[in-house]
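Please open the model in your viewer and keep the sequence panel beside it, since each stop on this tour begins with a selection.

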Amino acid sequence: MEKKAILLLSLLIILLLNSNPINMSINHVQNSLKISGKSAIKLEIASAASNHIQIIGKTIVMNKTFVVNNTDYVEIINSTLDFSNLTTVSTLIENYGTLIINNSHIISNLNQSYAKVISSTGNLTVIKSTFQNKKLLVDFEKRNVTCIIAIWQSSHWINLHNNYFENYTSAVEIWSSNIEKIYNNTFVNCPFGISLFDTNNAIIENNMFMNSCAVGISVKGERITIENNYIYNNRNLLLTQSDLFGNPTQGIVVQGSSYIHVINNTIINTFKCIAIFNSNNTYVESNEIDTTGPKEGEIQAQSSNYLIFRNNIIKNQWDSIEIYNSRHLLIEQNIIENGNTAIRVERVDILDGIDPINITIQYNMITNSGLLNIEHGANVKIMHNLLNKTIFSIRKNTTNVLILNNTLYSTEIYIETSKNVTTTNNTVENLENLKFCITKSEIVFINFNILKNATFEITDSKNVQITNNTIYTCLGTEVFTQHGYNENITIKNNTIIYINEQQETSTGEQPESPISEQPENTTAEETETPTAPPKNIPYQFLGISSIAGAITIAIAILLLRKRK
């Protein structure tokens with residue numbers, strides 16, 4: 001029996017060593033279109049009786065403007081249209097009927113201002129196609145711009161997805177048209193990327209903009225969603241291009257619109273990352289904004305109402321969230337880091353100033369960001385925020401303010417020329433004595449707070465109550481000082497605890513973030529990531545393992561039979 005087992009094992013090993021491994025991998029080869037000057041043909045398209053014209057698998061050198069009449073149905077599929085010889089015409093393709101461009105390549109060499117590759121007032125579909133102008137007609141040194149437009153669409157419907165645009169001053173302009181979705185397009189060196197004018201019910205999604213140094217996405221309309229787009233500008237070029245197009249570089253612009261959602265976009269290196277002007281009911285949520293260099297940029301809103309800024313990550317910006325002359329604001333659950341300022345809500349008279357009212361700022365985490373400042377505001381609630389190394393300021397006739405349940409580290413607090421301000425149940429912890437200043441204000445209540453290394457300065461104020469607080473300070477520190485003319489100042493029932501200065505300075509660890517409580521409209525869901533199978537295991541190896549397993553089983557069976 002042992003001889004049989006050895007013989008069987010030898011045969012199996014020989015078969016294994018002499019067998020050719022089976023390659024189960026699949027190579028996907030994408031056929032690329034080769035354009036040859038010799039094989040290129042000139043095609044004159046004559047009118048067809050059916051008005052249905054198809055260009056399939058052709059390379060065409062165009063010698064005049066291509067016109068799609070209002071009764072025509074034209075399909076350009078897997079083809080190349082080379083318009084390089086037409087440099088001074090105003091339009092390369094005029095569409096008045098129905099035009100479909102699919103998996104094709106459009107080459108242009110336009111150099112006349114406001115020239116267009118496609119001018120369409122009919123129905124237009126462009127998918128999986130490439131538009132390339134031979135050069136971008138922007139001279140950054142001489143400050144000169146020639147506007148070349150890839151697609152200009154007015155009225156009717158348009159469908160754009162999975163396209164590539166390069167070297168157009170303005171890539172896509174859409175006026176008063178019907179759009180379902182513009183998605184998965186790439187824009188390279190197109191100062192103006194996608195611009196919508198008086199267009200409603202649109203989705204702009206999953207597009208990429210590389211060096212759109214004027215405006216990446218601009219919209220004017222209603223019920224528009226701008227989601228999951230990526231906007232990136234070269235940091236060095238940004239500094240030289242910023243004013244060439246009339247305004248600093250802007251990422252996403254909402255102008256004269258309502259019910260706009262700006263969600264999950266990534267914007268890097270723009271001066272105005274998200275800008276909202278004269279708009280209502282706009283929601284800015286879950287965006288990521290950063291600058292790869294010295295602080296530049298901001299989210300800015302002007303003369304707009306009913307705005308929500310929620311769950312954004314904002315880093316290295318000059319004015320992280322800057323709001324002028326706007327009302328009914330909710331700013332919550334944002335992470336703001338390393339900004340020159342964190343949040344500014346103000347009235348600016350040179351911009352037809354109005355007082356901001358109904359402002360809620362809650363559940364934000366702000367670190368090393370200069371200033372949180374409210375001016376000329378009314379009905380302000382600042383609650384459940386964490387501030388670290390960021391000045392807290394209420395100024396210039398702000399009224400009816402509630403400052404509740406905030407945690408402040410290394411933060412000075414200023415209440416200036418304001419009225420009816422309540423500060424309660426906050427925790428202030430400083431590593432050194434920092435000021436809590438009340439200046440030229442009235443009806444100020446400061447109670448039930450815990451303050452460490454904070455000293456109060458009261459100047460030219462009246463009807464101020466500082467009561468029932470717990471104050472930690474070093475022995476010999478003057479906790480309360482008054483300057484100027486003050487009236488009806490009440491300081492009582494405070495607990496003052498003197499701490500060892502040396503010990504306290506050496507143990508400066510901060511507790512974990514207290515922002516564990518979530519606002520009512522926030523839901524937290526735990527998601528479990530399934531374990532992924534091992535990647536890149538050769539099928540040959542899997543085959544050898546299976547044969548080896550079979551050998552082992554065979555030997556085991558023979559040995560068991562021998563025992564029996």
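The tour below goes through aromatic rings, charges over rings, a pocket and a group of paired strands.

Before selecting anything, bear in mind that this is a predicted model.

**Stop 1: the aromatic rings**

Select Phe165 and Phe187 and show their side chains. Across the model the count of aromatic pairs comes to 6. In the pair on your screen the ring centres of Phe165 and Phe187 are 5.1 Å apart and the planes meet at 5°, so this pair is stacked. Because Phe165 belongs to strand β16 (residues 164-166) and Phe187 to strand β19 (residues 186-188), the pair ties together parts that are 22 residues apart in sequence. How buried is each of these two residues? Phe165 has a relative accessible area of 0% and is buried, and for Phe187 the value is 0%, so that residue is buried as well.

Now add Trp175 and Phe197, which form a stacked aromatic pair with 4.0 Å from centre to centre and 15° between the planes. Trp175 lies in strand β17 (residues 170-175) and Phe197 in strand β20 (residues 192-197), so this pair ties together parts that are 22 residues apart in sequence. Colouring by accessibility should show Trp175 as partly exposed, with a relative accessible area of 32%, and Phe197 as partly exposed, with 24%.

To finish this stop, select Phe131 and Phe209 together with Phe165 and Phe187, and you will have a cluster of four names that ring pairs link to one another: Phe131, Phe165, Phe187 and Phe209.

**Stop 2: charges over rings**

Select Lys116 and Trp152, where the charged end of the lysine sits over the ring of Trp152 at 5.7 Å from the ring centre. Then move to Lys181 and Tyr183, where the charged end of Lys181 sits over the tyrosine ring, 5.3 Å from its centre.

**Stop 3: the largest pocket**

Select Phe192, Ser195, Ala214, Val215 and Phe245, which, of the 21 residues that line the largest pocket, lie nearest its centre. The volume of this pocket is about 420 Å³. Which strands contribute at least two residues each to the lining? They include β17 and β20, and also β23 (215-220) and β26 (250-255).

**Stop 4: strand β40 and its partners**

Select residues 365-375, which make up strand β40. Strand β37 (residues 335-337) runs parallel to β40 and is joined to it by 3 bridges, and in this pairing Ile335 stands opposite Met365. Strand β38 (residues 341-346) pairs with β40 in the parallel sense over 3 bridges, with Val345 opposite Ile374. Next, add strand β42 (residues 386-395), which pairs with β40 in the parallel sense over 9 bridges; here Thr367 of β40 can be centred in the view, with Asn388 of β42 opposite.

**Stop 5: Thr360**

Finally, select Thr360, a residue of strand β39 (residues 357-362). Is Thr360 buried or exposed? Its relative accessibility is 18%, and because buried means under 20%, Thr360 counts as buried. To see what surrounds this side of the strand, show Leu329, Leu330, Ile331, Lys381 and Met383, which Thr360 touches when residues up to four places away in sequence are not counted.

How values were computed. Residues are numbered from 1 along each chain as its sequence is written. This is a predicted model: local features need pLDDT of at least 70, side-chain atom pairs count only at pLDDT 80 or more; totals for chains, interfaces and linings use all residues. Side-chain values use heavy atoms; hydrogens and water are left out. Two strands pair if DSSP finds at least two bridges between them. Helices (H or I, at least four residues) and strands (E, at least two) are DSSP runs, numbered from the N terminus. Buried means under 20% relative accessible area, exposed over 50%, partly exposed in between (1.4 Å probe, protein chains only). Contact means heavy atoms within 4.5 Å. Rings of Phe, Tyr and Trp (its six-membered ring) pair if their centres lie within 6.5 Å; planes under 30 degrees apart count as stacked, over 60 as edge-to-face and the rest as tilted. A charge sits over a ring if NZ of Lys or CZ of Arg is within 6 Å of the ring centre and within 35 degrees of the ring normal. On a 1 Å grid over the protein atoms alone, a cavity is a set of points where a 1.4 Å probe fits but cannot get out, and a pocket is an open set with protein on both sides within 12 Å along at least five of seven lines; lining residues have an atom within 4 Å of a point. Grid points are joined across faces, edges and corners, and a volume is the space filled by probe spheres set on the points.
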